[in-house]
Amino acid sequence: MRLTIQANEKSGISKKDTLKYAGLVLCFVILETIFRMQPELQVRYVSVTDEVPILFDLLYSVIFVTIIAVIPGERKRIKRAVYMAFYGFFSFFLLSQFIYCRIFDRVYGLKTLQYAGEGGDFAAMVLSYFDVSFWMLLLVLALIGTAGYFLIPDFPLHGSGIKQAGTAGVLLGICLTGILLVPSMFKAPPEDGGGTYRFKKTVYEEWIDNKRAVSMFGAYEFLFRDCYKFFQKPDVSEEDMETIRVYFASNKQTENEMTGIFEGKNLILVLMESMDDWLINEETTPTICSMMDEGIQFTNMYTPIFGSAATLNAEFCSYTGLTAPADGTPLVYYTNHAYPYSLPHLFREHGYRAKSFHYNSGEYYNRQNIHNSVGFEEYVSYLDYEEDEKAQRDSTITENDEIYQKLTEGDSFFDFVITYSAHATMGASKPYSHEDEALEVYPEYLGKYRSEEMDSISAKARLTDDMFAALLKRLQQDHLLEDTVIIAYADHYDYTILDQDYLKELSDAENTYELSKTPFFIWAEGVDPQKITKTVNTMDIYPTICNLFGLDNQGYFLGNDVFDRSYEGYAFWQDGSWISGTDSFYSTSGTYGGEGKEEQYRNMDALITEKLKVNQLLMDTDYFAQNFAGY
């Protein structure tokens, strides 16, 4: 046997073995390409055949196979074990991204894993996505992996010892150099900011849109660069700080006819968990519909998802005027940052008491510490006052006297309430989604839709509506209603619903962006009823509240006061997509819609680019702590 090996070493690797090594490289390339081809992922911001992701895939695949190749030929079991370790790891990574993207319409990064514990609540729902498309993808990956397993050659790289190491070193050096040089091919965006986030150079350098990054550079480069960015400390220059200062210097809030109309009144700000627009109707949510008719209703409100946690982002956005970082960094990383102009701080400066209320414990999403950092005096978890099954019901806030007293104590109060009854759908486990309880309370919803998911979420939406009815009744009994304003908005559409096509039908939406239209209303006794039809978004809640209550925020926000007549209205997403009236840009298709002119489109692109950049810099620098005394 030794003579045979030596003879082969002298003659070099056979053409057959060379073809096997090439086949192994191809297996890794095909593995990643098959992932990007999946229609469920909708990550094709560039063509599947675009040269950049293919080049990255090829370079990384040669690296993987070279590592396998340096293992001596007589240790074929070890060679195969290493191959299976590589292939198995990447297959698992791609399959998990496949499931995650189908649920959340996003690609997760290392920073997202901070919330892996909370994600355990969705474990049963994840199993619901193990459908035909998943098993077909798994089968294809298994077949490719099996082919690679049998392609493992008997011999290592040509030569032995130093020569073999040298050959491997040269191959690895060439590939690593290529990986470092590929970004130099990327074209820079225009200086006016138009379409910035459609350029590979911007996406690669700022690394704030994981879905776009996977499409543009391939999953291998995404994985390794994401690791690099995870450990890299943000580098913020004085020029970056000046960018923030210039933005805020031109961002002063102006007065209008709605300025200060609620000054001195109490405020209950309600985040309605998973309350989608199609759920708002006279049968399912009669109280909410009545409040909308009597108050100020926003018919084109969008709640884009930023960062890693949709609900946490929406609430953070509403009481700070900022949003979660688009790069996916969890808000828990910014718990110790200064937020001197948050709503809790501003209301407390005017003598209000500020508290937050929710079913979950304060440890969930680290919410208690985050709420403390933005200025809430106390985080009230219903679990501290009721058994779990009772605490899950939104109406607990009025039915439990201890909780209700905390809600209304003080001469003036600002309360932030996060509902829970409508959280998650039939896709989740029964104890988590509470569909049995909701349908037991309102059995008439069973069979109302052609999907039991929709029956369940409708019954649960009715439970949230019951909370509003009970809240209005008790506030009136306690003679607090005439001095209290209720502002309610949703955190996101119910993305946990499995039948997304049916959801689009019910929501009259053509794509995921349009699914993000959700309810938003302001109610107070005696307010003139209005219907605001301009496009607005979650970032607009904060400056609007400041205007209505006469709070001086010094312009430190990213959204717009919806009552500002100069504000035409828009919503935007972290991938650079936006909607403004009848005009739109959806980055998944790369096309503009509507009747706007090219200059208008470019101006909107530039505006979105600026806001995304300023927000990221604000979070990276802890800007307020560095620029305001006392923090």
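How many aromatic pairs does a search of the whole structure find? In this predicted model, the search returns 64 aromatic pairs. One of them joins F130 and F134, whose rings are stacked, with 4.3 Å from centre to centre and 5° between the planes. The two partners can also be described by their accessibility: F130 counts as partly exposed, at 32% relative accessibility, whereas F134 is buried, with a relative accessible area of 6%.

Ring pairs also link a cluster made up of F28, Y60, F64, Y83, F86, Y87, F89, F90, Y220 and F224. Among these residues, F28 is listed in helix α2 where this helix meets α4, and Y83, F86, Y87 and F90 are listed on the α4 side of that contact.

**Charges over rings**

Two arginine residues place their charged ends over aromatic rings: R225 sits over the ring of W207, 5.5 Å from its centre, and R450 sits over the ring of Y502, 3.7 Å from its centre.

**Packing around helix α2**

Helix α2 covers residues 15–37, and its packing can be followed against helix α4, residues 76–104, and against helix α7, residues 132–151.

| Helix pair | Angle between axes | Axis distance | Handedness of crossing |
|---|---|---|---|
| α2 and α4 | roughly 10° | within 10 Å | right-handed |
| α2 and α7 | about 165° | 9 Å | left-handed |

Because angles under 35 degrees count as roughly parallel, the crossing of α2 and α4 at roughly 10° makes these helices roughly parallel to each other. On the α2 side, the contact with α4 involves Y21, L24, C27, F28, L31, E32 and F35, and these meet K79, Y83, F86, Y87, F90, S91, L94, Q97 and F98 in α4.

For α2 and α7 the angle is about 165°, and because angles over 145 degrees count as roughly antiparallel, these helices are roughly antiparallel to each other. The contact is made by K20, G23, L24, C27, I30, L31 and I34 of α2, together with L137, V140, L141, I144, G148 and L151 of α7. Residues L24, C27 and L31 of α2 are thus named in the contact with α4 and also in the contact with α7.

L151, found in helix α7, gives a residue-level view of this packing. Leaving aside neighbours within four places in sequence, L151 is in contact with K20, G23, L24 and C27. The C-alpha atoms of L151 and Y21 are separated by 7.4 Å, although these residues are 130 residues apart along the chain. L151 is partly exposed, with a relative accessible area of 24%.

**Strand β1 and helix α24**

N266 lies in strand β1, residues 266–272, and is buried, with a relative accessible area of 5%. Not counting residues up to four places away in sequence, N266 touches Y352, D411, S412, F413, D483, T484, V485 and F549. The C-alpha atoms of N266 and E444, by contrast, are separated by 37 Å, with these positions 178 residues apart along the chain.

One of the contacts of N266, F549, is also among the buried residues of helix α24. This helix covers residues 541–549, and nine of its nine residues are buried, so α24 is largely enclosed by the rest of the structure. The buried residues are I541, Y542, P543, T544, I545, C546, N547, L548 and F549. Just after α24, G550 takes a positive phi of about 70°.

Definitions and conventions:
Residues numbered from 1 in each chain as written. Predicted model: local features only at pLDDT ≥ 70, side-chain atom pairs only at ≥ 80, totals over all residues. Heavy atoms only, no water. Phe/Tyr/Trp six-rings, centres within 6.5 Å; stacked < 30°, edge-to-face > 60°. Buried < 20%, exposed > 50% of the residue type's maximum accessible area, 1.4 Å probe, protein only. Lys NZ or Arg CZ within 6 Å of the ring centre and 35° of its normal. Axes fitted to C-alpha atoms, helices over the stretch in contact; angles between N-to-C directions. Helix = DSSP H or I, 4+ residues; strand = E, 2+ residues; numbered from the N terminus. Parallel < 35°, antiparallel > 145°, perpendicular 65-115°, else oblique. Left-handed = near helix turned anticlockwise from the far one by under 90°. Contact = heavy atoms within 4.5 Å.
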